[in-house]
Amino acid sequence: MKATIERAKLLRSLSHVQSVVERRNTIPILSNVLIEASESGHVKIMATDLDLQVVESLEANSVDTAGAITVSAHLLFDIARKLPDGSEVSLEAADNRMAIKAGRSRFQLPTLPRDDFPVIVEGDLPTSFSLGANLLAELIDRTRFAISTEETRYYLNGIFLHVTDDKEPVLKAAATDGHRLARFTIARPDGAEGMPDVIVPRKAVGELRKLLEEAGDASVQIDLSPSKIRFALGGEGGVVLTSKLIDGTFPDYSRVIPTGNDKLLKVDPKVLFAGVDRVATIATEKTRAVKMGLDTDKVTLTVTSPDNGNAVEEASAQYSSDSIEIGFNAGYLKDILQQIDSDTVELHFADAGAPTLIRKDEDSPALYVLMPMRV
């Protein structure tokens, strides 16, 4: 194989695929990217960790010899990063080595044959629809912070996508770690009717979100089956991310969304976030709880730490129900408040032991539930 590629194109493609590659691998070939050059002048770059695969196509300046080879992902990315702007990079593979030339720089890297490189077999992906990149990015941003990192409850280690017929057909994305729940609802896209319930793994969500950064307001083609999902960005010559789905059953989260919380607090989310952030300064690992005391038109935030003393802050708010004191994990509360991009947020309470419903307003596509803590 011999191909010449502009450094900027090579670097951009490698930046998309190399983050899939784990730094530590027991299988040497998984540390590599597959580079495939065709006579038509196209180069495909692919990386995988056996559960997730990213393929990017790009136009080469020239392909002298078609072929395919695998080479260390992180090494090639680091080399491309350090080469001068505007340079042309020549990649030539022969005799288990790859020669990389750019300007006055010369590198020789060991290679492994392409036949050893594992490829995820997608099989049939019967459900097919498209979403705007901006909408897909918002769907991820509004939910992924609540994904569980507990490996024992593996079925919570991703975003749950499912369609339902509420007042009208919708697609819902949900994530929970047992302490908080995030849900985002959009109109059901054409083609998504009858789609299976799927759980997209955390790593795939993270890699997809990085790719969406550069997608602008393009359309993302989504194809899925009960076991795999594929996201295609940028049409022909774009990036394709394919991931296995989590093989598990997501719990019926709708049961924990409170419907009868009758105490309503309206407050500026930025003011509440800043107040929680300030009083939580003295919290320790053991006392991550912030206590919220609700009285007529005010909120009192309190953190008490046996080691560091205590902190109190008052914030004005709209509240006209009975007084109540309730405790929350300060970090979880801040995560949710960060998602609210308006001047008011609604917090619906029942009592100190019941889950609290948080949302911008009743028409908001995003909804959050936060479990209280004992304080």
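This report describes one sheet with its packed helices and the setting of one buried threonine.

The model is predicted: local features need pLDDT of at least 70, side-chain atom pairs count only at pLDDT 80 or more, and totals for chains, interfaces and linings use all residues. Residues are numbered from 1 along each chain as its sequence is written, and side-chain values use heavy atoms, without hydrogens and water.

Four strands (DSSP runs of E, at least two residues, numbered from the N terminus) form an open sheet in the order 21-20-19-23, with antiparallel pairing; two strands pair if DSSP finds at least two bridges between them. Strand 21 (309-316) and strand 23 (324-329) are the edge strands, each pairing on one side only. Strand 19 (residues 289-295) is joined to strand 23 by 6 bridges, and Lys-291 stands opposite Gly-327 in strand 23.

Two helices (DSSP runs of H or I, at least four residues) pack on this sheet through contacts (heavy atoms within 4.5 Å). Angles run from 0 to 180 degrees between N-to-C directions, with axes fitted to C-alpha atoms, for helices over the stretch in contact.

| Helix | Strands touched | Angle |
|---|---|---|
| Helix 5 (residues 269-279) | strand 19, strand 20 (298-305), strand 21 | about 170° with strand 21 |
| Helix 6 (residues 330-337) | strand 19, strand 23 | about 90° with strand 23 |

Thr-70 belongs to strand 6 (residues 67-72). Thr-70 has a relative accessible area of 0% and is therefore buried (under 20%, with a 1.4 Å probe and protein chains only). The side chain of Thr-70 makes a polar contact of 2.9 Å with that of Asn-32; such a contact is a pair of N or O atoms within 3.5 Å, where within protein one must be able to donate a hydrogen and the other to accept it, and residues adjacent in sequence count only if both atoms are side-chain atoms. A polar atom of the Thr-70 side chain also lies 2.9 Å from the backbone oxygen of Leu-112.

Definitions and conventions. Buried means under 20% relative accessible area, exposed over 50%, partly exposed in between (1.4 Å probe, protein chains only).
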